[in-house]
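Please take a moment to look over the sequence and the model before reading on. The paragraphs that follow go from one region to the next.

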Amino acid sequence: MEAQDERTQVDPRANPWAMLASLPLFSGLPKSVIDAAVAELEWLALPGGELLFQSGAPADSVYFVVSGCLGAFGPGGELVGRIAAGESVGEMGLIAARPRAVTVRALRDSELARLSSGTFERVLLSHPEAILRLAKLSVERLLENAPPRSSAPAAPRTIAVMPRDLSIDVVALTSSLAGALARPGRVDLVGRDRAERHSSQWFHEVESRNDFVVYAAEPGDTTWTQLCIRQADVLLLAARAGDEAGPWPGLDRHAHAAQRAELLLLHDDRVACGTAARWRRFLPAVPCHHLRRPTDMPRIVRLMTHRGVGLVLSGGGARGFAHLGVVRALREHGVPIDLVGGTSMGGILAAGVAADWSDRELVDRFRRCFVDTNPLTDFTLPLVSLVSGRKVGQLLRREFGDIDIEDLPLPFFCVSSNLTTGRIAVHERGPLWRWLRASVAIPGVLPPVFHGGQVFVDGGTMNNLPVDVMRAQGRGPVIGVDVGTDPTFTTEIEATEAPSLWNLFGRRRDRRRRPNILQILWRAGMVNSTTATQQRRAQSDMLLMPPLASLDLLDWKAFERAIEIGYRHACEQLTGAMPEGLRQAMSA
């Protein structure tokens with residue numbers, strides 16, 4: 001973070017000719033055209049959140065953004081485009097003589113110059129050079145509005161930190177945030193004492209000079225806080241986790257703003273159970289970050305600026321232990337893990353990563369759960385499954401406790417298959433142990449989880465590598481680890497019937513490989529997702545597929561061997577060419 005120059009800004013109205021000549025629409029046009037336009041310019045200030053024009057309104061003007069930023073909104077209120085300083089808006093409606101196609105509002109305090117439709121036609125449409133320039137800009141605008149290859153939203157550049165009350169040291173908090181932002185770019189920290197007397201042009205210049213700007217707002221709905229909200233791409237709502245939750249003052253006044261809000265809960269060290277749920281009752285659609293110690297801030301910054309590294313772990317039974325080796329290799333090579341998700345066994349292991357367990361703790365806990373005791377030995381009368389599932393549920397509750405998913409230090413999700421709706425269920429809230437139990441409920445092996453009148457089974461039956469779920473969150477690059485579909489499911493016998501009980505006992509010395517009922521049910525539950533997994537692999541920025549053909553799905557005793565295979569494979573891949581997104585995340 002560097003000290004910023006407090007130069008006096010020049011009002012563009014003092015030299016409107018230079019302002020127009022610098023805009024793409026006028027750049028290079030004859031002086032006579034610019035002179036005629038300057039004589040007809042009207043100036044207006046548009047506070048953040050205010051309406052410029054509504055969809056369906058007559059096209060009667062073209063506007064030039066001198067400072068600030070406008071947003072174009074579709075019929076559903078979604079933000080479909082931004083009009084930054086130096087760009088124009090409204091000329092397409094004048095050229096086509098059609099009503100406004102979108103609604104345009106100021107995203108932040110903006111200075112605009114306006115030309116009426118009459119002036120536009122008289123000054124520009126009567127000059128061939130201007131018509132060619134309009135045609136060029138129109139084509140460029142159409143190309144920019146074409147469906148993008150990636151649906152990831154633009155990374156924010158301005159962040160307003162809004163403290164809940166005076167007990168929060170907003171100076172220390174914003175300084176920590178700015179320090180973390182300074183690693184990937186140039187950043188400036190702006191408070192009320194420094195900025196409240198300046199115009200929107202000053203804010204425009206500050207934001208133009210920097211990659212990021214942090215605004216330190218005040219508690220309550222003050223004039224300065226309202227200005228911070230108007231200037232920000234993201235509102236970071238900071239509250240002490242243990243305080244009484246409630247509505248956030250002033251947010252309802254900015255319902256039309258395009259900013260997204262994110263909740264930052266400050267903890268003394270540990271995340272208490274139920275904390276996030278209390279706050280999200282009042283902020284239901286707002287993502288939540290947990291700040292326990294200063295070392296959490298770089299991760300929060302990566303997530304907010306779309307540099308967060310998402311790790312997705314597939315299902316695969318005992319082969320899933322290879323995930324532990326992959327996690328160790330990523331940590332040793334300095335690859336941050338900022339959010340995690342998974343299916344079935346991968347979901348359980350990902351939850352341990354989201355709980356911020358160390359490598360040693362991950363190994364010790366999962367050895368205790370799956371090696372020291374086989375979780376699939378509580379056989380029962382096979383009405384809905386071969387085992388009762390009681391043992392698996394007890395093991396999950398013992399290791400994870402009664403924590404909710406949203407109280408994990410790292411953002412986490414797991415997926416299950418909803419047999420009631422026939423769709424994938426993505427679990428990002430609620431009791432962690434319950435939804436892990438649903439994610440691993442292999443049909444026929446473990447009983448389904450019944451909740452809210454619906455039936456949930458193993459996520460691997462529909463989506464064994466939910467890279468698409470992670471990608472949809474738009475937080476940054478994604479590492480996918482697939483351990484589930486490497487081997488073929490084979491046998492060495494020829495038969496169309498099961499052997500009689502007498503023959504089965506008589507052939508105990510027969511060494512030919514015969515799948516047992518657990519293996520058959522497990523593989524049958526996953527086979528339908530194999531083709532979809534092939535497609536989801538391609539959505540990973542980095543795909544890791546440890547060679548696990550020699551390991552059986554239910555060979556819990558291969559614990560150490562699976563970890564070592566995953567570790568060696570990940571180390572080999574990480575020494576090669578690193579995807580650009582991961583390299584940026586490692587430097588952030």
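The model shown here is a predicted one, and a convenient place to begin is its open sheet, in which six strands are arranged in the order 8-9-7-10-11-12 with parallel pairing. Strand 8 (187-190) and strand 12 (288-291) stand at the edges of this sheet, and because each has a single partner strand, one side of each is left without a neighbour in the sheet. From one strand to the next, the twist averages 25 degrees. As a general matter, the strands of a sheet pair through backbone hydrogen bonds, in either a parallel or an antiparallel manner.

Within the sheet, strand 7 deserves a careful look. Six of the six residues of strand 7 are buried, so this strand is largely enclosed by the rest of the structure. The burial concerns both of its faces, with Thr158, Ala160 and Met162 on one side, and Ile159, Val161 and Pro163 on the other, all of them buried. Strand 7 pairs with strand 9 in the parallel sense over four bridges, and it is joined to strand 10, again in parallel, by five bridges. Alanine 160 offers a way to follow this pairing from strand to strand, since it stands opposite tyrosine 215 in strand 9 and also opposite leucine 235 in strand 10. The path can be continued from leucine 235, whose bridge partner in strand 11 is alanine 261. Strand 10 (residues 234-240) and strand 11 (residues 260-266) run parallel and are joined by seven bridges.

Helices pack on this sheet as well. Helix 8 (residues 200-209) touches strand 7 (158-163), strand 8 and strand 9 (212-216), and its direction makes about 130 degrees with that of strand 9. Helix 11 (residues 297-304) also packs on the sheet, where it touches strand 7, strand 10, strand 11 and strand 12, and its direction makes about 160 degrees with that of strand 12.

From the sheet we may turn to the nonpolar interior. Which residues have the most contacts inside the largest nonpolar core? This core has 71 residues, and those with the most contacts inside it are Leu311, Phe366, Phe400, Phe412, Leu432, Leu436 and Ile479. Helix 21 (residues 559-574) provides the largest share of this core, namely eight residues. Phenylalanine 366 can serve as an example, for if its neighbours within four places in sequence are left aside, it is in contact with Leu324, Ile348, Leu349, Gly352, Trp357, Val371, Phe400 and Phe559. Apart from this core lies another, of 28 residues, which includes Trp202, Ala232, Ala245 and Val286.

The second largest pocket, with a volume of about 570 Å³, is lined by 31 residues, of which Pro287, Pro411, Glu428, Gln473 and Arg475 are the closest to its centre. Strand 11, strand 12, strand 15 (412-418) and helix 17 (467-472) each supply at least two residues of this lining. The largest share of the lining, three residues, comes from strand 12, which is also one of the two edge strands of the sheet described above.

Several single residues complete the tour. Threonine 275 lies in helix 10 (residues 275-280) and, at 4% relative accessibility, counts as buried, because the cut-off for burial is under 20%. Not counting residues up to four places away in sequence, threonine 275 touches Ala241, Leu265, His267 and Asp407. Leucine 70, in strand 3 (residues 61-73), is likewise buried, with a relative accessible area of 0%. Between leucine 70 and glycine 81 there are 8.6 Å in space, C-alpha to C-alpha, while in sequence these residues are 11 residues apart.

Where, finally, is aspartate 356 found? It is found in the loop between helix 13 and helix 14 (359-370), and its phi is near 70 degrees, a positive value in a residue other than glycine. Serine 344, which lies in helix 13 (residues 344-354), has a positive phi of about 55 degrees although it is not a glycine either. As for accessibility, serine 344 counts as buried at 3%, whereas aspartate 356 is partly exposed, with a relative accessible area of 36%.

Key
Residues are numbered from 1 along each chain as its sequence is written. This is a predicted model: local features need pLDDT of at least 70, side-chain atom pairs count only at pLDDT 80 or more; totals for chains, interfaces and linings use all residues. Side-chain values use heavy atoms; hydrogens and water are left out. Two strands pair if DSSP finds at least two bridges between them. Axes are lines fitted to C-alpha atoms, for helices over the stretch in contact, and angles run from 0 to 180 degrees between N-to-C directions. Contact means heavy atoms within 4.5 Å. A nonpolar core is a set of buried Ala, Val, Leu, Ile, Met, Phe, Trp, Tyr and Cys residues joined through side-chain atoms within 4.5 Å. Buried means under 20% relative accessible area, exposed over 50%, partly exposed in between (1.4 Å probe, protein chains only). On a 1 Å grid over the protein atoms alone, a cavity is a set of points where a 1.4 Å probe fits but cannot get out, and a pocket is an open set with protein on both sides within 12 Å along at least five of seven lines; lining residues have an atom within 4 Å of a point. Grid points are joined across faces, edges and corners, and a volume is the space filled by probe spheres set on the points.
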